[in-house]
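Here are some exercises to work through with the model open beside you. Take your time with each task before reading its solution.

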Amino acid sequence: MGNNDIQDKMFAEFMDFSIYDKALKLGHNYLTEAMDRHVFPQDEAITNLENFNEPFPKSSSSSNVVLDLLKKYGEPATLPHIGGRYFGFVLGSVVPASLSAKVMSAFWDQCPAMEVLSPIGSILETVVEDWLKEIFSLPEESVVGYVSGTSSAIFCGLAAARYKILRKQGWDVNNKGLFNAPKIRVVAGRQAHSTVIKAVSLLGLGKDSIEWVDVDSQGRVVPESIPDLDESTILLLQAGNVNSGSFDDFDKICLKARGQGAWIHIDGAFGLWAQASDKLKYLSKGCGNADSWSVDCHKTLNTPYDSGVVICRDKEALIDALHMSGAYIVLGKGRDGMFYTPEMSRRARIFEIWSALKFLGKQGLNQMVTGFHERALQFKKELAEAGFDIVNNVVFNQVLVRCETDELTLKTLENIQKLRVCWCGGSKWEDRDVIRLSICSWVTTEKDVSLSVKSFIEARDLAEAKA
Ligand SMILES: *Cc1c(COP(=O)(O)O)cnc(C)c1O
């Protein structure tokens, strides 16, 4: 059939349903196990990863062999944060409709760079743009770019800011670059996320030039400490401090900063989704008065990785900052996604975002997001009853936990991780060690929380016994 051996082989396997069937079955088995599996790979599984260390193979394999290897040595070494007792970082599970849409659309392999490349990608990106603006209560004129995550979304938002601020001063940064350009001021809270700082340096604005603003005991920018802003300033705020989960006071800060002409970017990686919760939306009140926003779908919305959005009030600034042209570009009547992202080609993550939102609807999303907060409050209550200190105000989905001494906190954390009933990471809060819990998986139930609290107690008992 084909013109050479490898083409023959691929034709045969491409249409061989048993391979995809096997992949699905293995995936499904994994899901079933992951609900209850120890939350961190066993040491042996990590050691077995050595099996992947081989020189680039001379000859071809079969898809079956490839799958079997991944199953045998890869799967045991995965982190099942798709289950309900993984509380490290800010991860989350996957909404079932989103996972199934990912599987099906994997066969489509769409590239939504241009409408002409994927009419379905283009229309869904347009539809979800409106939905997101509604969910987050953002200005009608805003546009959305679908990127790999918040790091990239922040970069895009700040690129738009940089372009616009310099443009207003008659400086086209695309043509002239930054050498000899008018200065751009960057003002940020002392607890801005490290990816925000990274974007500042990637864009050539210079970390050293950041004017730091003091924060309060929850990590929120103190409004009175913000210096006078002007038209050459980018103000960086956040919805959801990565440790405490706290929100800057947008209501108090944004209107004033806008009045002074500053460009405001809100990093709302996981926190902006509070807007979808009737109970929690007070936290992000006033966020619509910013200029750009960065949000993850792979965190709070529980879509598969990698998935984030940049939202920008000024369409022209975003498009011009991420400009792209070429004689072979075919402009569509509808949306050409590449104008809103740094990439030209990218995967159509929109199918997963649309599916999650279509499945959940407004009420489902409200319940899911509010549920994260309820589970966080349960942690706070049960851990406090067990004699742990809760260090932060649990306003959203983050809980910071401490024992009497840093030493005991660290040993307890080490034991929690070894017990593998649940997984949490550590962090520092006000110069002391803390155990950090992030609840953002729809799978997590009250029972998961209680089991995890038991594990905390056991871990502390073990630490105390050894001391
Ligand atoms: C996770 C996170 C980021 C980075 O997002 P990625 O999707 O990992 O790139 C930025 N800011 C905050 C507050 C976060 O929680």
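**Exercise 1. Place one threonine in its surroundings**

Find which backbone oxygen the side chain of T370 reaches, and at what distance. Then decide whether T370 is buried or exposed.

*Solution.* Keep in mind that this is a predicted model.

Step 1: Start from the side chain of T370, which comes to 2.6 Å from the backbone oxygen of N366.

Step 2: Look up the element; T370 belongs to helix α12, residues 350-385.

Step 3: Apply the burial cut-off, under 20% relative accessible area. T370 has a relative accessibility of 10%, so T370 counts as buried.

Step 4: Ask what lies around T370 once neighbours within four places in sequence are set aside. The contacts are with S277, K279 and L280.

Step 5: Add a backbone distance for that region: 7.9 Å separates the C-alpha atoms of T370 and D278, although these positions lie 92 residues apart along the chain.

**Exercise 2. Find the two faces of a helix**

List the buried residues of α10 and work out why they sit on the same side of the helix.

*Solution.*

Step 1: Helix α10 spans residues 250-259, and its buried residues are F250, I253, C254 and A257.

Step 2: Around the helix axis these residues take up an arc of only 90°, and therefore they lie on the same side of α10.

Step 3: Recall the general rule: with 3.6 residues a turn in an α-helix, residues three or four places apart point the same way.

Step 4: Turn to the opposite face, away from the buried side, where the exposed residues L255, K256 and G259 are found.

Step 5: Identify the cover. The buried residues of α10 are covered by elements including β4 (233-238) and β5 (263-267).

Step 6: Check what comes after the helix: G261 follows α10 and has a positive phi, near 95°.

**Exercise 3. Describe the ligand's surroundings**

Work out how many residues surround the ligand and which polar side chains approach its atoms.

*Solution.*

Step 1: The ligand is surrounded by 13 residues, the closest being S151, D267, D296, H298 and K299.

Step 2: Sort this shell by class: three residues are nonpolar, seven are polar and three are charged.

Step 3: Go through the nitrogen atoms of the ligand. A polar side-chain atom of D267 is 2.7 Å from a ligand nitrogen, and an N or O atom in the side chain of H193 is 3.5 Å from a ligand nitrogen.

Step 4: For oxygen, a polar side-chain atom of K299 lies 2.9 Å from a ligand oxygen atom.

Step 5: Finish with the cover: of the 390 Å² of accessible area that the ligand has on its own, the protein covers 85%.

Technical notes. Residues are numbered from 1 along each chain as its sequence is written. This is a predicted model: local features need pLDDT of at least 70, side-chain atom pairs count only at pLDDT 80 or more; totals for chains, interfaces and linings use all residues. Side-chain values use heavy atoms; hydrogens and water are left out. A residue is near a molecule or strand if one of its heavy atoms lies within 4 Å of it. A polar contact is a pair of N or O atoms within 3.5 Å; within protein, one must be able to donate a hydrogen and the other to accept it, and residues adjacent in sequence count only if both atoms are side-chain atoms. Accessible areas come from the Shrake-Rupley method with a 1.4 Å probe; for residues, only the protein chains shown count as cover. Ala, Val, Leu, Ile, Met, Phe, Trp, Tyr, Cys and Pro count as nonpolar, Asp, Glu, Lys and Arg as charged, and the others, Gly among them, as polar. Buried means under 20% relative accessible area, exposed over 50%, partly exposed in between (1.4 Å probe, protein chains only). Helices (H or I, at least four residues) and strands (E, at least two) are DSSP runs, numbered from the N terminus. The arc is that of the directions from the helix axis to the C-beta atoms. Contact means heavy atoms within 4.5 Å.
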